[in-house]
Amino acid sequence: MYSHGSESLIKQAREIQESELQKFYSRLVKLLQVKELGHETLDSLQKLHLILSTNKYARTLPLDLQKRLLLLLSSPSEQLQVLSYAVLRETLPSSGEELNTIQENVSQLNTHAAALLISQAGSRADLSDLCAQLIRGLEVRPSEGPSRSLMFTLPVLRSVLSLSPDCLTEEHVTAVSKKLVDWLRYASIVQGGGASSGGFFTGPRSRQPLPTAELDGSVSGDFFTVLCMGQGFTEDQWMNVYSFSMLRHWLLSCHSVSSGNCTMDAASRLQLSLSLSHSFSNDDRSEVDGSVVSMVSATSSSSRLLPPKERLREKAFQYSQRLIEQCDRKAQKKADTELQKACMVEAVCILDCVCTEDPSMVFRAFPSVKALFGRLSSDLSFARVLLPIAQFYLHHGEMAAVDCESVWKLVLGRFPAELFNDPFLAHELLRFLRQDLDSLKLRAPEFTRFLPNLLKFLAWDSAAVVDDFVDLLPSLVTEGTAVEMLHTLLDLPCLSATLVLQLRSMSSPISEPSSRGLLSLDAFRNPSFRGLFLFLLRVETGSGHTIDRLSTLHDLLAEAADWPRVVRCAQTVPVLLHIYFNTVVTVADEKLLAHLVLVMLERSSLLLAIPKYSAEIHRVFSCHLLRLCKLRPSLVVDQSHELLEFAGTTANVYSRKEVYTHVVWVLGEYLSVSSDSRCSVTLITSCFETLEAVLFEITSSAPPPDTVCPAPKVITTLMSALAKLASRSHDLIPRVSLFFSKLRTAARSGPVAWCSDEDDLVAIVTRGEELWSLLKAPGVAQSVLTPPPHVITPRWHRDTNLAVPLQLRLLTRLTQPK
């Protein structure tokens, strides 16, 4: 809500009269004509933006005011740039005329001017024209135009490509590729202005420009990169930095543009690549250990013969190799160390992009990437760098015939186990898995065995990564992992609490008592319970499906039920369970589905006592139990013993009423010869007697202490199931009819202890009378309570013996055009 003062200003801005607005325009134009713009001008521009943004209809500014605001886009003041952009954004419609006007009036390109240009582009043709104008600006020599605009050209060009990559033409790609090659490879290697210390004895020799330096302080011996240091930088050095920042995006964008005859065929690329590189061997590290300088000098002359796109690819390869070599130097400042890590990430990603476009470069790139992995793999502080290396191995390891097992053990094993609380790593690793899911399935199908480890990210910060797991979970469900995954998802809140305890145990020594006196922390440190927690913290699947002492673990973690992290984790489990069951029915056979039914019955009572958690899980179980039994009705006969044991336990009526209701329903619905020919009269009678005993018990006595009355839905479901079973075995009809008669008599005698609501009691008795009436005609009861399949799924529109198909065909002919 706005404050009272803000609401007053907004109201005044909306109610301003046209005459007052025109006077305000004239006064603002006069203010903008002054050379030095002061606070009054800023205040007026803010008022103008408020008037324009709060008005319902778009307003058009006077032409002279519009021109003044366009000039302000090039003002040295950032505040004036922002205000002029905001005002013009509110007033200029999307049309080519205004776009041309902006392009003609903006003398220096900057972020805000570029944003306005892009916002005014109404079509792909406008964006293409803007690209053409930007690229023409790159061809201007520094002496012919303002140098500052070049620094904004490449970022703006990248923004345009992000909005519409198809606005590029082959001429655009060629022109920009040539400029990028020049800036990346041939930037000056001497420092810019300010390198000389000056002084009285400063002469021509001492004023010689100094060479750039490496991060370790040594003189830079090769071409300039973003990791070169100096007291000042020249324009081409700045363009080198800008070029590197957009290089990978440009390579990906221009790769989609048809290159016609400019691209060399694969055989020529391979021949050139092999002529420039040594033979690749896993044991030969001479190419890795040697300097990049020799390789670059050997390839520089040959690369001049390549077309522009191929030449840019070659220079990008050389630039990335040089960066990797520079990152091997020890930086003098901590900030420079972080810069090295960022550059390694980008360099490896560029090499991956280059090798994807030209597979012949894999044999030249793999030695340096492999050496980089060997150098960094033991230090988890370089996890950010190791992820793109793993991606490189995934994309090109098969072609280079390299074993990637050690890479997966590090990235999918150690990273989640030790760095699960690193949000950046979690985001990057899960994004890597999502983006390369198809490649992982094809080249590294064993990644599914790290399922318990990957779920640590979800257990620690479920709200941030749940979307990632919604995409990943279907690929992790297989016949081998289905049962263990179901248990693991249900135990996810326990894993969340265990991770919290693990970090607290590491932060506070054992000799010191816990600050909060957590009993669960003492249990975590207790050797007798260590196995329970280690099972939750396991890295790979196959260590067992569940825990024998699960109830003991829940008691140890009882105090964690209200921890915010654990509660948020529990809220995501029902969502993931729906995805799990939707997937498992597509991959599981009947034996596995039968096992899952047993797991649902077992685990419905073995859940961490989190408020509303059990109720949500029971709701999910109930929904998918019906689905599984409808998909495979034979499951009810196969698991009849376990289902009857569950349905015959009266305590389940009160503690697991949702699941219990649906178990009773599937017994009454699918325990019939029409669903499974193995269903015998003996099995139907056994089920009837079990349900009858439970129904008699809950309707003849008060509920146990500290429990509420059984839900009316449970009672009516039991009554319906008994009626269905009796309609299939007519010898049971007198028994169920006698029960319905006693139920009506008991209800008419007064209040009953097992139902506290009078309306519910009336509904139950009414349901019993309806079923009683049906059972008086056994043939009708069986048709109504167990209808044949052709009644449940009618095919009237396909039955040629009925009149409906004829009518449909007639209506179709009448509605079809002649």
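1. Handedness first: α19 and α22 cross in a left-handed way, meaning that the near helix is turned anticlockwise from the far one by less than a right angle (clockwise would make the crossing right-handed). This is a predicted model, in which local features need pLDDT of at least 70, side-chain atom pairs count only at pLDDT 80 or more, and totals for chains, interfaces and linings use all residues. Residues are numbered from 1 along each chain as its sequence is written, and side-chain values use heavy atoms, with hydrogens and water left out.

2. Some geometry on that pair. Helix α19 covers residues 405–419 and α22 covers residues 451–460; they pack at an angle of about 35 degrees, their axes 9 Å apart. The axes are lines fitted to C-alpha atoms, for helices over the stretch in contact, with angles running from 0 to 180 degrees between N-to-C directions. Helices here are DSSP runs (H or I, at least four residues), as are strands (E, at least two), and both are numbered from the N terminus.

3. Who touches whom? On the α19 side there are L412, G413, P416, A417 and L419, which meet N453, L454, K456 and F457 of α22; contact means heavy atoms within 4.5 Å. Sorted by class, this contact has 6 nonpolar, 2 polar and 1 charged residues. The classes are simple: Ala, Val, Leu, Ile, Met, Phe, Trp, Tyr, Cys and Pro are nonpolar, Asp, Glu, Lys and Arg are charged, and the others, Gly among them, are polar.

4. Helix α19 has another neighbour in α20 (residues 423–435): the two axes come within 11 Å and cross at roughly 145 degrees. The crossing of α19 and α20 is left-handed. W408, V411, L412, F415, P416 and L419 of α19 meet L425, L429, F432 and L433 of α20. By class, that contact has 10 nonpolar residues, with no polar and no charged ones.

5. Just ahead of α19, have a look at A401, which sits in the loop between α18 (383–396) and α19. Its phi is near 55 degrees, a positive value in a residue other than glycine. Most residues other than glycine have a negative phi. A401 is exposed, at 60% relative accessible area; the cut-offs are under 20% for buried, over 50% for exposed and in between for partly exposed (1.4 Å probe, protein chains only).

6. K612 is another one to check: its phi is near 70 degrees, again positive in a residue other than glycine. K612 lies in the loop between α30 (590–603) and α31, and is exposed at a relative accessible area of 71%. Helix α31 itself (residues 613–631) has 19 residues and spans 27 Å from first C-alpha to last, close to the expected 27 Å. That expectation is 1.5 Å times one less than the number of residues. Buried residues of α31 include Y613, I617, H618, F621 and L625.

7. Helix α5 (residues 78–91) behaves much as the ideal would have it, with 14 residues reaching 20 Å, close to the 20 Å expected. Which of its residues are buried? They are L80, Q81, L83, S84, A86, V87, L88 and T91. The buried residues of α5 pack against α3 (39–54), α4 (63–72) and α7 (111–119).

8. Y85 is also in α5, but is partly exposed at 22% relative accessible area. Leaving aside residues up to four places away in sequence, Y85 touches L73, H112, A115 and L116. Its C-alpha is 8.5 Å from that of L72, 13 residues apart along the chain.

9. Two buried residues elsewhere. F24, in helix α2 (residues 18–32), has a relative accessibility of 10% and so counts as buried. F24 touches S44, K47, L48 and I51, not counting residues up to four places away in sequence; the C-alpha atoms of F24 and S44 are 8.6 Å apart, with their positions 20 residues apart in sequence. E357, in α16 (residues 334–357), is buried too, at 10% relative accessible area. The C-alpha atoms of E357 and E310 are separated by 9.9 Å.

10. Finally, the whole protein: 42 helices and 0 strands, with buried residues making up 50% of the 818 residues. Of the contacts between residues at least 6 apart in sequence, 74% join residues at least 24 apart. The accessible surface comes to about 39,600 Å², 54% of it belonging to carbon and sulfur atoms; areas come from the Shrake-Rupley method with a 1.4 Å probe, and for residues only the protein chains shown count as cover.
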